[in-house]
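User: I am new to this entry and would like to understand the terms used to describe it. Please explain each term as it arises.

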Amino acid sequence: MNGETDNTLPVILDLDKFIAKERPFWDELVELLRLQDDNRDHRLTLDQAKRLFYLYQRTSADLVKMKTFAGEAETSQFLENLVARAYSRLHENGGEKVRFRPWQWLTRNFPATFRRHWVAFALSIGTFWIGAGFGAAALNFNYELKSDFIPPQFSHLNEKPSKRVEREEKQDFDAFQGRHQFSAQLMTHNTKVTIMTMVVGFLWGVFTLILLFYNGTLIGVVIFDYLSDGQGTFLTAWLLPHGSIELPAIFIGGQAGFIIAHTMFGWKTNLKLRARFSRIRGDLITLVGGAALMLVWAGIVESFLSQYHDPLFYPWKIGFGAIQLLGLILFLTFSGRRKPELAA
Amino acid sequence: MIGRTTVLTIQTPEGVAFTIPIASPISRCLALAVDLAVILALTILISQVVQFLSIAASGIPLLNDILSDFGNGFMIVAQFALAIFYGIITEWLWSGQTLGKRLMKLRVIDERGLSLGLKQIIIRNLFRLLDLLPSNFYLLGGFSCLVTQKCQRIGDIAAGTLVIRETRPFAPQFSELMEKDENSFAAMPHLESRLRQQVTPDEARTALDAVVRRNELEPGARLRLFEALANYFREMAEFPEEITIGLSDEQYVRNVVETLFRRAAS
């Protein structure tokens with residue numbers, strides 16, 4: 001059978017010959033792909049890239065021939081696999097190969113991303129403080145509700161503030177006893193809460209809203225309780241050193257959650273969910289990464305400074321917390337801004 | 001379960017379409033079980049090392065205090081970091097595979113068939129916290145897997161990824177399919193030629209597929225299939241009895257395939 005002109009003749013590949021002829025090209029493609037798989041940072045030279053593209057096209061054509069004329073399942077499957085791998089290499093996701101520069105990320109990308117989504121942050125901080133207002137108002141309305149608001153893991157907060165202050169101020173501060181463990185617990189717990197506040201944004205933001213409001217309620221109850229008992233100085237010296245970093249970090253988690261919620265609703269865009277998510281992925285990672293760093297610092301401060309309740313040091317602690325908060329505000333507002341002439 | 005698909009079909013700009021099999025929820029569960037076991041084993045290993053260091057320092061009171069407290073703190077952080085970063089690091093280093101996925105021959109890919117980016121890996125692993133809800137039972141993720149067309153958990157949807165089954169990355173040797181048997185049809189070239197004229201490409205493909213996949217068939221089904229195929233091809237070109245005597249139906253079809261493919265260009 002030569003099958004060149006007669007349409008009634010079946011057009012069938014001589015598989016052995018075909019495989020023998022094409023196999024070296026397939027093997028070469030396999031080797032090129034293996035090189036890249038083994039070393040993710042391996043950069044192809046221009047000649048290698050051209051060769052990869054040629055081999056990909058040739059193997060694609062072989063796959064079409066195999067499917068059309070031969071129908072041999074295993075070789076087709078092998079070629080499909082090869083074409084799929086080469087395709088994924090040649091059509092990389094854009095922007096993934098940019099070298100990560102930690103300092104630039106921290107001082108430029110993070111604050112710039114934060115500012116780009118300031119509305120989501122405002123919503124996050126607003127929800128939290130509305131929750132705080134609700135908690136304070138509820139306690140003002142009926143003090144007996146206090147134990148209902150305080151969850152079991154914070155049962156020590158059920159103690160009358162003035163009693164706690166009296167007890168804490170008499171205690172010696174042991175730098176090592178349980179401090180590292182406490183610090184680690186705070187870091188991991190708060191980071192988990194922050195990530196959770198972000199990811200629940202996927203459920204159209206409802207649970208992000210609930211989580212922020214709930215945490216706000218708790219803080220509102222505590223603040224009202226201490227202030228109404230005349231322990232404002234203790235409260236500020238206790239919460240401000242770490243809270244000035246910890247709370248903004250949780251707000252940033254909420255900000256990321258509201259960005260996701262906005263993406264889920266897809267307002268003012270015709271893009272599909274997949275495309276909408278691909279636009280915010282980098283921002284989410286930047287925000288949650290920045291928040292996690294802040295929480296590590298807050299965990300250390302809370303364990304080694306906030307719990308040190310010597311009245312002599314209250315002004316220092318409050319000063320430290322205030323400066324830290326001011327620094328954070330300035331950092332998030334101004335860091336990484338382009339100079340006007342550069343922006344133009 | 002709505003409109004579940006078992007393969008991802010990708011049409012390249014070059015006009016080539018290829019399919020990638022999507023992993024089933026069961027195989028994904030097994031891979032997850034392996035990964036959880038690995039995380040648990042690593043956690044135990046780290047705790048043993050920390051414990052050993054504490055015991056070694058027990059003779060020195062201050063160092064002992066520092067080490068035992070620091071050790072406890074380190075354990076908490078390590079446990080958390082393992083849970084979050086195990087998936088991120090392994091999927092990044094092994095191009096979309098964790099140890100469990102390697103064992104189960106699964107791989108995470110971009111849902112458009114492109115290579116997996118680090119951002120996608122981080123997002124799908126962070127969203128695991130949501131998939132695990134409620135109470136670490138993986139119900140949200142499992143439910144999402146069951147109801148989405150491409151068996152994606154929420155993390156996969158957010159990251160634009162899906163988990164596929166890896167196909168065998170080696171080329172089969174066509175000659176091995178024929179098992180080196182003599183083709184008795186070769187003695188009758190004019191009949192072979194008639195057979196080639198009669199058989200359409202689709203029929204040839206069906207016969208070849210049957211030969212290639214014969215070992216996957218149940219014995220009874222295999223007998224029936226080759227009997228039907230052999231009878232079909234016997235009607236197209238009648239080979240004399242001295243050539244076909246003693247040939248099983250399967251051997252008959254193998255001869256047909258060998259005639260059609262191996263010598264097609266001769």
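Analyst: The answers below take up the model, then chain A, then chain B.

User: What should be known about the model and its numbering?

Analyst: This is a predicted model, in which local features need pLDDT of at least 70 and side-chain atom pairs count only at pLDDT 80 or more, while totals for chains, interfaces and linings use all residues. Residues are numbered from 1 along each chain as its sequence is written, and chains are lettered from A and ligands numbered from 1 in the order in which they are written.

User: How do you know which parts of chain A the predictor is confident about?

Analyst: The guide is pLDDT, the predictor's confidence in each residue, from 0 to 100. Chain A averages 85, and 88% of its residues score at least 70. Among the elements of chain A, helix H5 (residues 118-141) has the highest mean pLDDT, 96, and helix H13 (residues 340-343) the lowest, 57. Over residues 1-10 of chain A, pLDDT stays under 50.

User: What elements make up chain A, and how is the chain divided into domains?

Analyst: Chain A has 13 helices and zero strands; helices (H or I, at least four residues) and strands (E, at least two) are DSSP runs, numbered from the N terminus. Domain 1 covers 15-90 and domain 2 covers 102-339, with bounds that come from an automatic or database domain assignment. The centres of the two domains of chain A, taken over C-alpha atoms, are 52 Å apart.

User: Why is Ile323(A) called buried or exposed?

Analyst: A residue is buried if 20 or more other C-beta atoms lie within 10 Å of its own, exposed if 12 or fewer, and partly exposed in between, with C-beta atoms placed from the backbone. Ile323(A) has 11 C-beta neighbours inside 10 Å, so Ile323(A) counts as exposed. Ile323(A) belongs to helix H12 (residues 314-334) of chain A. Across chain A, 39% of the 344 residues are buried.

User: What makes Ser95(B) and Tyr138(B) partly exposed?

Analyst: Ser95(B) has 18 C-beta neighbours inside 10 Å and therefore counts as partly exposed. Tyr138(B) also has 18 such neighbours and is partly exposed. Ser95(B) is not a glycine, yet its phi is positive, about 50°; Ser95(B) lies in the loop between helix H2 (61-93) and helix H3 (99-103) of chain B. Tyr138(B), in the loop between H5 and H6 of chain B, has a positive phi near 60°.

User: Where in chain B is Pro134(B), and what kind of peptide bond joins Leu133(B) and Pro134(B)?

Analyst: Pro134(B) is in the loop between helix H5 (128-131) and helix H6 (139-147) of chain B. The bond joining Leu133(B) and Pro134(B) is a cis peptide bond, with omega about -10°.

User: How do you know that the span of helix H10 of chain B agrees with expectation?

Analyst: The expected span is 1.5 Å times one less than the number of residues. For the twelve residues of H10(B) (residues 201-212) this gives 16 Å, and the end C-alpha atoms are 16 Å apart, so the two agree.

User: Why is strand S3 of chain B called largely enclosed, and what makes S3(B) a partner of S4(B)?

Analyst: Five of the five residues of S3(B) (residues 106-110) are buried, so the strand is largely enclosed by the rest of the structure. Two strands pair if DSSP finds at least two bridges between them. Five bridges join S3(B) to strand S4 (residues 161-165) of chain B, and the strands run antiparallel. Val108(B) stands opposite Val163(B) in S4(B).

Key
Two residues are in contact if their C-beta atoms, placed from the backbone, lie within 7 Å.
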